[in-house]
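Biologist: Could we go through this one together, step by step? I would like to learn how to read it.

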Amino acid sequence: MKCRRCGAEAVIELPQHRTAFCADCFLHHCRNQVRRSIDSYHMIDNTERPLVAVSGGKDSLAAWDLLLELGYQADGVYLGLGIGEYSDRSGEYARDFARQRDLTLIEIDLATDAGFTIPQAAAQRRTPCSACGLSKRHLLNKIALDHGYRVLVTGHNLDDEAAVLFGNVTRWDLRYLARQQPVLTEQDGFARRVKPLVRLSERDTAAYCVIRGIDYQVEECPLAAGNRHLGYKELLNQMEERTPGAKMDFYNGFQRRMRPLLDSIATKEKGELNPCDQCGSPTTGRLCAFCRLTEQTTKPGRPAESSPR
Ligand code: SF4
Ligand code: ZN
């Protein structure tokens, strides 16, 4: 099998693109895919200094590396979730990556900053992944704004986005579908959130890290068992096996064809936002969802605030 770009011996086949590449041309392909996403969705201006949310896993480290390769002066932020040794090791991978390249890595810790860990939130009968996602969204946004970053980058790849889309479609959840975009625009109290890896699959980011010599956390999070999205990923992988490119068609078709319809829903559903009584973040209720989670976890037994967000 030959590389389609240069004719050398290929090291990776990409059935979804009906092509194969040698190592150098594969890296070129990955940079190209990220460049296309950034440009077509207006994710990051050339003058901006993005902040990359790094977990120590392959996707976020590949995202950081790709942005640096494309010429962005990107910094990183690592949030310690307190998931035992898994979090300890994840933090080490993020720190090593930054140290080896002399990059700025901001570190925050859920236990120190909010007084609880994800296993403690899970013990209060919260689904660990929903408490975790909510904490990440809130604290990473806050840290970006506090440090003056206008754009926050996450490592969500095509497999992640297609799985979330699949879940939202099975429930016909229009509110969530309307919000599922590769760019969430900047507004008062929110940094712009961008996902430049939406054109790369999980297999692509793993291969990218191997070829670039990036060490990453390969262990699965011990709290992931039962996560619905893992099941959706398996289903989509079966589809992809039978019809290469199906995942990409599913996700890109949604963004191209459904986006204009959903944008009007998103605009209509926007509630009026006020500052959270506790932390000042924009919310439709008295307390934002993160402050309610913090109260429920650190002061169990108190009745939960019943605001819509
Ligand atoms: Fe958080 Fe769930 Fe991911 Fe574990 S699997 S890091 S709990 S979102
Ligand atoms: Zn709050």
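Biologist: In which sense do strand 3 and strand 4 pair?

Modeller: Keep in mind that this is a predicted model. Strand 3 covers residues 51-53 and strand 4 covers residues 75-80. Three bridges link the two strands, and the sense of their pairing is parallel.

Biologist: Which residue of strand 4 stands opposite V52?

Modeller: Let's stay with that pair of strands for a moment. Looking across from V52 to strand 4, the residue you meet is G76.

Biologist: Which strands does helix 2 touch?

Modeller: Helix 2 is made of residues 58-69 and packs on the sheet. Its direction makes about 160 degrees with that of strand 3. The strands it touches are strand 3, strand 4, strand 5 and strand 6.

Biologist: And what angle does the direction of helix 6 make with that of strand 4?

Modeller: Helix 6, residues 128-146, also packs on the sheet. It touches strand 3, strand 4, strand 5, strand 6 and strand 8. Its direction and that of strand 4 make an angle of about 140 degrees.

Biologist: Which strands stand at the edges of the sheet?

Modeller: Six strands form an open sheet with mixed pairing, in the order 5-4-3-6-8-7. A strand at the edge has a single partner strand, so one of its sides is left without a neighbour in the sheet. Read the order from end to end, and the edge strands are strand 5 (105-109) and strand 7 (183-184).

Biologist: Now to helix 7: how far does it reach from its first C-alpha to its last?

Modeller: Helix 7 runs over residues 158-170, which is 13 residues. At 1.5 Å a residue, the expected reach is 18 Å. The model comes close to that, with 18 Å.

Biologist: Which residue offers a side-chain oxygen at the start of helix 7?

Modeller: Look at the backbone nitrogen of D159, which is one of the buried residues of helix 7. A side-chain oxygen reaches to within 2.9 Å of that nitrogen, and it belongs to N157.

Biologist: Just after helix 7, which residue takes a positive phi?

Modeller: Move along the chain to the place just after helix 7. The phi there is about 45 degrees, and the residue is W172.

Biologist: Last one: how many residues of helix 12 are buried?

Modeller: Helix 12 spans residues 289-298 and is mostly covered. Its cover includes helix 4, helix 5 and helix 6. Among the buried residues are F290, C291 and L293. Of the 10 residues in helix 12, the number buried is seven.

Conventions. Residues are numbered from 1 along each chain as its sequence is written. Chains are lettered from A and ligands numbered from 1 in the order in which they are written. This is a predicted model: local features need pLDDT of at least 70, side-chain atom pairs count only at pLDDT 80 or more; totals for chains, interfaces and linings use all residues. Side-chain values use heavy atoms; hydrogens and water are left out. Helices (H or I, at least four residues) and strands (E, at least two) are DSSP runs, numbered from the N terminus. The expected span of a helix is 1.5 Å times one less than its number of residues. Buried means under 20% relative accessible area, exposed over 50%, partly exposed in between (1.4 Å probe, protein chains only). A polar contact is a pair of N or O atoms within 3.5 Å; within protein, one must be able to donate a hydrogen and the other to accept it, and residues adjacent in sequence count only if both atoms are side-chain atoms. Two strands pair if DSSP finds at least two bridges between them. Contact means heavy atoms within 4.5 Å. Axes are lines fitted to C-alpha atoms, for helices over the stretch in contact, and angles run from 0 to 180 degrees between N-to-C directions.
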